[in-house]
Amino acid sequence: MVPFLFILQVHAETWSLEQRSPFNVKIQTTSQLTYTPLKQASKPWKICALVPHLKDAYWIGIDYGLVQQASKLNITLQLFEAGSYYEKKKQLSQLTHCLKSDFDAILLGAVSPKLLSYYHEPITKPVIALVNRTDSPSITTRVGVNWYQMGLNAGQFIKNDLATNSALNAQKQVDVSLLTGPEKQGESDWVDQGILAALKDSKITISSIRHTDNNRNLYRDQLHHLLDERSPDYILGSAVAIEAAIGEIRIKKLENQVKLVSSYLSPGVLRGLFRDKIAFSNDDLVVLQGKLAIDVVVKTLEGEPITGDIGPKIEGIVSKDLNQHNIKSKLDKSLAPPDFYPIYTVN
């Protein structure tokens with residue numbers, strides 16, 4: 001009797017991504033991309049990663065993804081944080097260090113889109129933009145998402161939500177206040193522009209736009225003054241701002257009057273969505289972005305350069321659609337584990 005022969009098929013891991021064009025512009029067209037990450041690196045490359053800070057869940061999630069993929073590929077990663085979006089000089093100094101040291105390539109999470117216009121030394125190594133746009137002819141690849149689209153999606157949620165809310169619809173005017181991050185640093189300007197585009201030609205008015213560094217205490221101060229002046233129908237802001245807003249509107253007894261909308265996801269925002277304290281959040285899968293950045297820079301070093309804008313498709317999370325099952329599914333590609341602390345070196 002001939003024994004049955006069982007053949008085990010091992011499918012390669014793939015990531016569902018988007019390729020966007022034209023490169024580095026506000027309004028882009030997208031094409032779906034099924035991306036196959038590397039199983040191993042051909043040599044122990046040394047990668048330098050520069051980030052604005054590690055003060056919130058967004059960049060901690062990026063760090064977690066970088067560390068996971070660097071460990072998987074058995075390469076060296078050294079991460080440097082500027083400490084704030086306002087630390088341009090410090091990040092330029094860190095860039096100089098990485099270019100003059102024995103790193104093979106650089107992942108640049110720039111504190112400002114114009115950062116490289118202040119850098120007057122030659123760029124002698126591959127530099128790939130990480131998350132934030134970098135306006136420079138020497139940058140031809142960015143791993144991240146379109147932040148204008150992030151703003152557009154959040155604004156469109158408010159517009160659609162208003163259409164289903166008869167009480168708000170009866171008002172002559174609907175007020176939205178914005179707290180979207182450091183002014184004209186990182187990607188906050190494109191977020192603002194996307195929100196304004198989504199709300200154009202509606203009765204929704206942007207009653208206040210406030211900017212500050214991503215610090216919860218600074219946002220609490222902003223919210224305290226905002227809510228003393230007015231009670232907006234919606235507050236749309238960064239995850240740090242919206243986490244702070246949960247407590248502030250509770251103190252002011254405005255929980256049934258003000259809806260909260262986050263431009264990106266964090267553990268606190270996810271809890272707020274589940275508890276129906278937050279109405280909506282974008283999710284741009286930051287852990288996957290970090291993994292992808294390491295993979296793309298290694299492929300570039302190994303002669304398979306990937307150019308243009310590449311990253312995950314932005315997803316929207318609505319509080320009423322959230323349950324325990326899809327909370328767990330968010331933890332793999334969107335958020336670092338709760339016990340993860342920033343890691344600066346992978347050897």
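The link between C48 and C98 is right-handed, with 60° about the S-S bond. Its two ends sit in separate elements: C48 belongs to strand β3 (residues 46–51) and C98 to helix α2 (residues 88–100), so the pair ties together parts that are 50 residues apart in sequence. The structure described here is a predicted model, and in it the sulfur atoms of C48 and C98 lie 2.0 Å from each other. A disulfide is a covalent bond between the sulfur atoms of two cysteines. The count for this model comes to one disulfide. As for its surroundings, C48 and C98 are both buried.

Stepping back to the whole chain, the secondary structure consists of 10 helices and 15 strands. The chain has 347 residues, and 56% of these count as buried. How much of the contact network links residues 24 or more positions apart? Among contacts in the chain with a separation of 6 or more, such pairs account for 72%. The accessible surface of the chain amounts to about 16200 Å², and carbon and sulfur atoms contribute 51% of that area.

A helpful place to look next is the largest pocket, which holds about 550 Å³ of space. Its lining is made up of 24 residues, and those nearest the centre of the pocket are D161, K259, D276, A279 and S319. Three elements, α3 (147–163), α7 (239–251) and β11 (259–262), each supply at least two residues of this lining. Which of the elements gives the most to the lining? That is α3, with four residues. Sorted by class, the lining of the largest pocket comprises 10 nonpolar residues, together with seven polar and seven charged ones.

One loop residue also deserves a visit. T134 is located in the loop between β6 (127–130) and β7 (141–143). Is this loop residue, T134, buried or exposed? With a relative accessible area of 0%, T134 is buried, since the cut-off for that class is under 20%. Once neighbours within four places in sequence are set aside, the contacts of T134 are N24, L108, A110, P113, L116, A129 and I139.

Taken together, two buried sites can be followed in the model: the cysteine pair C48 and C98, both buried, and T134, whose relative accessible area is 0%. The pocket offers a further site to inspect, with D161, K259, D276, A279 and S319 nearest its centre.

How values were computed
Residues are numbered from 1 along each chain as its sequence is written. This is a predicted model: local features need pLDDT of at least 70, side-chain atom pairs count only at pLDDT 80 or more; totals for chains, interfaces and linings use all residues. Side-chain values use heavy atoms; hydrogens and water are left out. On a 1 Å grid over the protein atoms alone, a cavity is a set of points where a 1.4 Å probe fits but cannot get out, and a pocket is an open set with protein on both sides within 12 Å along at least five of seven lines; lining residues have an atom within 4 Å of a point. Grid points are joined across faces, edges and corners, and a volume is the space filled by probe spheres set on the points. Ala, Val, Leu, Ile, Met, Phe, Trp, Tyr, Cys and Pro count as nonpolar, Asp, Glu, Lys and Arg as charged, and the others, Gly among them, as polar. Buried means under 20% relative accessible area, exposed over 50%, partly exposed in between (1.4 Å probe, protein chains only). Contact means heavy atoms within 4.5 Å. Accessible areas come from the Shrake-Rupley method with a 1.4 Å probe; for residues, only the protein chains shown count as cover. A disulfide is a pair of cysteine sulfur atoms within 2.5 Å.
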